[in-house]
Amino acid sequence: MYLGNDPEYPTSYTRPPITIRVWPGDYGAPSVDPTSLIVLTVCKMHKVPVKIVPAFFPFLVDIPSIEERNLLIVDKEKILDYVFQLCHEESLLNARQRRKLRAYKQYFMQHFGGPFYFDCWIHETNFTHAIETWFTRVIPFPFNLLYLHQKRKLAQNEFNLVKRTSEADTFMSSKYEGAAVCLGDFDYLLKDDRKFLYKNIPTSLDAIVYSYLVIAMNMPLQNPKLQQFIYRHKWLVNYVHRITKEYFPNTSYQFQYVDPVYAPYDRVSTKCLIIFGMCVTILMALYAHTNGIFKLKKD
């Protein structure tokens, strides 16, 4: 069984079905969790027979998790290592190509995956509107409070570790700059409108990039800085839309557990506000003078 359209599996495929527990989708993303969606995307692209279990309670068994026979995998890195083996990159790519693919994945995760994680879990208004609201509504009380407290504390510890002595705003500004450059580089890879990012075959790189981008493009964030960066790159946007249409055609664009943002919030510095106010005052004075409302006196 598979959510969405059932893929046709090769008749020679004898691998026993895998049970995967994932966070469900919302607001146009097949799953709201990047790791869950990476797993789903790999299985879709490579027609792996799986049983998908949308899950809402991460305390008895972690979400996401993979179960095959008597094997249960809950560690995030081990889950990704497991599913990436299903991409058959050892047989499709030579050693030099695999090294290049690993470099691409590391580059994307460092310059976009990391900032996206902090942008969702550290940025106060983004966290409150999107993350906190969504998990509060899907996880039963009081476990939702415990889950959010654990995850937010982990995110804050990681954020403090990587930013070190830098101010939070200064650190995130540099990260936004790196994310913008990274998106431009991946957009350039797609300038010929190719279907996939590398060698025009589906790889683990596609699963990672697609999963983060489709969530970032659709998540209702009040500070949509990363969304704005993505939408500036037409090839990347088309790439995400193509993959969603082909592999997740039944994805709903309705907002189920969190409300859309009608007036995106973008923090403005005090200096910008002061400059803006001065400009408005000057323009109003010029307008008044031009229209005879008051006249400037000459000595």
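In this predicted model, R21 sits across from V53 in strand β2. The strands around that pairing are β1 and β2, where β2 covers residues 50-54, and the two run parallel with 5 bridges joining them. How much of β1 is buried? Strand β1 takes in residues 18-22, and 4 of its 5 residues are buried, so the rest of the structure largely encloses it. As a bit of background, side chains in a regular strand alternate between the two faces of the sheet.

Further along from β2 comes a loop that leads to β3 (65-68), and P64 is found in that loop. The peptide bond between I63 and P64 is cis, with omega at about 0°. A cis bond also turns up between F141 and P142, this time with omega at about 5°. Here the proline, P142, belongs to the loop between α5 and α6. These bonds deserve a mention because most peptide bonds are trans, just as most residues other than glycine have a negative phi.

The phi angles bring up a couple of residues as well. H88 is not a glycine, yet its phi is positive, at about 60°. Its place is the loop that runs between α2 (76-84) and α3 (89-92). With a relative accessibility of 43%, H88 is classed as partly exposed. R164, another residue other than glycine, has a positive phi near 55°. R164 is part of the loop between α6 and α7. Is R164 buried or exposed? Its relative accessible area is 68%, so R164 is exposed, the cut-off being over 50%.

Next come the charged side chains. Side chains of opposite charge can pair when their charged atoms come close. How many salt bridges does the structure hold? The count is 5, and among them is the one between R152 and E124, whose side chains meet at 3.3 Å, N to O. This pair ties together distant parts of the chain, as R152 is in helix α6 (residues 143-163) and E124 is in helix α5 (residues 124-138), with their positions 28 residues apart in the count. The partners sit in rather unlike surroundings: R152 has 12% relative accessibility and counts as buried, while E124, at 49%, is partly exposed.

Another of the salt bridges joins R98 to E90, with the closest N and O atoms 3.5 Å apart. E90 reaches 62% relative accessibility, and therefore counts as exposed. Then there is the bridge between the side chains of D192 and R194, at 3.2 Å from N to O. Both ends of this one fall in the partly exposed class, with D192 at 48% relative accessibility and R194 at a relative accessible area of 25%.

Positive charge also gathers on the surface. Which residues form the positive surface patch? R96, R99, K100, R102 and K199 make it up. One of them, K199, comes from the loop between α7 (168-189) and α8 (204-218). K199 has 46% relative accessibility, so it is partly exposed, as that value lies between the 20% and 50% limits.

Finally, some residues that are far apart in sequence lie a few ångströms from each other in space. I208 belongs to helix α8, and at 7% relative accessibility it counts as buried, the limit for that class being under 20%. I208 and K105 are separated by 103 residues in sequence, but their C-alpha atoms are 7.5 Å apart. Back in helix α5, which also holds T125, there is a similar case. T125 and Q222 lie 97 residues apart along the sequence, with 6.3 Å from C-alpha to C-alpha. T125 itself is partly exposed, with a relative accessibility of 24%.

Definitions and conventions
Residues numbered from 1 in each chain as written. Predicted model: local features only at pLDDT ≥ 70, side-chain atom pairs only at ≥ 80, totals over all residues. Heavy atoms only, no water. Patch = residues over 30% accessible without salt bridge, like charges linked within 9 Å, V, L, I, M, F, W, Y side chains within 5 Å. Areas by Shrake-Rupley, 256 points an atom, 1.4 Å probe, with all protein chains shown as cover. Salt bridge = Lys/Arg side-chain N within 4 Å of Asp/Glu carboxyl O. Lys, Arg positive; Asp, Glu negative; His and termini not counted. Charge placed at Lys NZ, Arg CZ, Asp CG, Glu CD. Helix = DSSP H or I, 4+ residues; strand = E, 2+ residues; numbered from the N terminus. Buried < 20%, exposed > 50% of the residue type's maximum accessible area, 1.4 Å probe, protein only. Pairing = 2+ DSSP bridges.
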